[in-house]
Amino acid sequence: MEALSRPAAASSAAPASGASAIVSGNTGAQSTPATGRALAVAPAEPGRAITRTPPSASALRRGANQNQNLQGEVARAQQAIDYLERVASQLEALKADLSARILGRVAASRQLEARTRQLGATLDARQKEGGAGLDARLDFDAVQGAQQRFRIQGLDIASLSGGASQTLGFSVGSAGGPQLATTIEPGMTPEEIARRLDRTLAPVKVRVGLDQDRELVFTTPEASFAKVKDAIAVTGRGRVDTTALPQSLQPKEWQLGNPDALRQSLREVVQALAQVRRSQDAAALALSSAMTRNAQPETPNLELAMIAEDFAATAASHDYASLLAISSALAGVSRDRVQALLGLR
């Protein structure tokens, strides 16, 4: 059997990128610029197997990690989309029942309590059914995942903005954690205080911001909140108490017996619906982006022909290395699988 060989004139042609084919002495190793493949070209030794340079272990690990990250993003986005669709449907039904009850339609009252309980149960199952990207406010974050918002007792704008300069030391962790320090100076605005604390606590994955009332709100990944909530210490105060902020929608606390309470519940439902729609858009965008990055480029027909030619040349060889490569490559490949793959093209 003749080994695959490429004419020297053809391989020496410079490609558009400026790279040139490289022929190494008498070893027969030739790299084709179009594909980057290393081919064994040995006119003097018929039957030598076609060889390619295998990818490095680090490249394989990097590719596997990237693939796992993409798969995780796809799974989080898809799970959030399914869950948010269910929440939106229940909110729409509840909105209709509340509106009917406010208008005095007695028929709607029979369903109102049942729908409220159903929504409450769905929200309680968020962590299990909504995925790791959806937090208690029904905000979706495909990259950082669900965040838990909380407050630290005694650490608020009023206590930090008045009086003299304050130097605060923080530690986070059961063993004392890293020691972090910052200084709050007189005259700093709430925004400046929040930014100063945020820079200080960011290394331990605790972020700081302001809520709508311009009060301090701390956030950390929901998955690690259990380890953080009882492990924050402040210089001069020791361990401090933390309070997790509840989910934004609380159906169990609604009072449905008077018109004012019904109107307040309806306002909360409308606001929750708007938030759910925003999160649906964010999850759909994240899913589309992950699917696009995960898409594999189609192999050009010319390269497919070269691969087929290389395989045919190797399959026709009679040396042990060629037979070993062929048998390993074909292990577990059935006729049905080949036909299925051919049907994709």
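Arg207 is partly exposed, because its relative accessibility is 40%, which falls between the buried and exposed limits of 20% and 50%. Keep in mind that this is a predicted model. Arg207 has a partner, Asp198, and their side chains meet in a salt bridge, with 2.8 Å from N to O. Is Asp198 buried or exposed? Asp198 has a relative accessibility of 14%, so Asp198 counts as buried. In this salt bridge, then, a buried residue meets a partly exposed one.

How many salt bridges does the structure hold? The count is 10. I will go through two others.

One of them joins Arg277 and Glu92, where the closest N and O atoms are 3.1 Å apart. Arg277 belongs to helix H8 and Glu92 to helix H2, so this pair ties together parts that are 185 residues apart in sequence. For Arg277 the relative accessible area is 35%, which makes the residue partly exposed. Glu92 is also at 35%, and is partly exposed.

The other is between Asp260 and Arg263, with 3.5 Å between the closest N and O atoms. Both sit in helix H8, 3 residues apart, so about one helical turn separates them. Asp260 is exposed, because its relative accessible area is 57% and the limit is over 50%. Arg263, at 39%, is partly exposed.

Now to the sheet. In what order do its strands run? The order is E7-E8-E4-E11, which makes an open sheet of 4 strands with antiparallel pairing. Strand E7, residues 207-210, and strand E11, residues 242-244, are the edge strands, each pairing on one side only. From one strand to the next, the twist averages 40 degrees. Helix H6, residues 190-201, packs on this sheet and touches E7 and E8. The direction of H6 makes about 170 degrees with that of E7.

Let us stay with strand E4, which covers residues 147-152. E4 is mostly covered, since 5 of its 6 residues are buried. E4 pairs with strand E8, residues 216-221, in the antiparallel sense over 4 bridges. Within that pairing, Gln147 stands opposite Pro221 in E8. E4 also pairs with E11, again in the antiparallel sense, over 3 bridges. Which residue in E11 is the bridge partner of Ile152? That partner is Thr242.

Ile152 deserves another minute. Ile152 is placed in strand E4, and at 5% relative accessibility this residue counts as buried. Leaving out residues up to four places away in sequence, Ile152 touches Phe218, Ile232, Val240, Asp241 and Thr242. Take Phe218 from that list. Ile152 and Phe218 are 66 residues apart in sequence, while their C-alpha atoms are 7.7 Å apart in space. Sequence numbers alone would not show you that pair.

Last topic: the nonpolar cores. Which residues have the most contacts inside the largest nonpolar core? They are Leu91, Leu98, Leu119 and Phe140, in a core of 31 residues. Three helices each supply at least two residues of this core: H2 (57-102), H3 (106-124) and H8 (259-294). The largest share, 11 residues, comes from H2. You have met H2 and H8 already, as the two helices tied together by the salt bridge of Arg277 and Glu92.

For a closer look at this core, take Leu119. Not counting residues up to four places away in sequence, Leu119 touches Val87, Gln90, Leu91, Leu94, Leu249, Pro251 and Trp254. Leu91, in that list of contacts, is itself one of the residues with the most contacts inside the core.

Apart from this core lies another one, of 25 residues. Leu160, Phe225, Ile232 and Val234 are among them. Ile232 should sound familiar, as one of the residues that Ile152 touches.

Methods: Residues are numbered from 1 along each chain as its sequence is written. This is a predicted model: local features need pLDDT of at least 70, side-chain atom pairs count only at pLDDT 80 or more; totals for chains, interfaces and linings use all residues. Side-chain values use heavy atoms; hydrogens and water are left out. Buried means under 20% relative accessible area, exposed over 50%, partly exposed in between (1.4 Å probe, protein chains only). Contact means heavy atoms within 4.5 Å. A nonpolar core is a set of buried Ala, Val, Leu, Ile, Met, Phe, Trp, Tyr and Cys residues joined through side-chain atoms within 4.5 Å. A salt bridge is a side-chain nitrogen of Lys or Arg within 4 Å of a carboxyl oxygen of Asp or Glu. Two strands pair if DSSP finds at least two bridges between them. Axes are lines fitted to C-alpha atoms, for helices over the stretch in contact, and angles run from 0 to 180 degrees between N-to-C directions.
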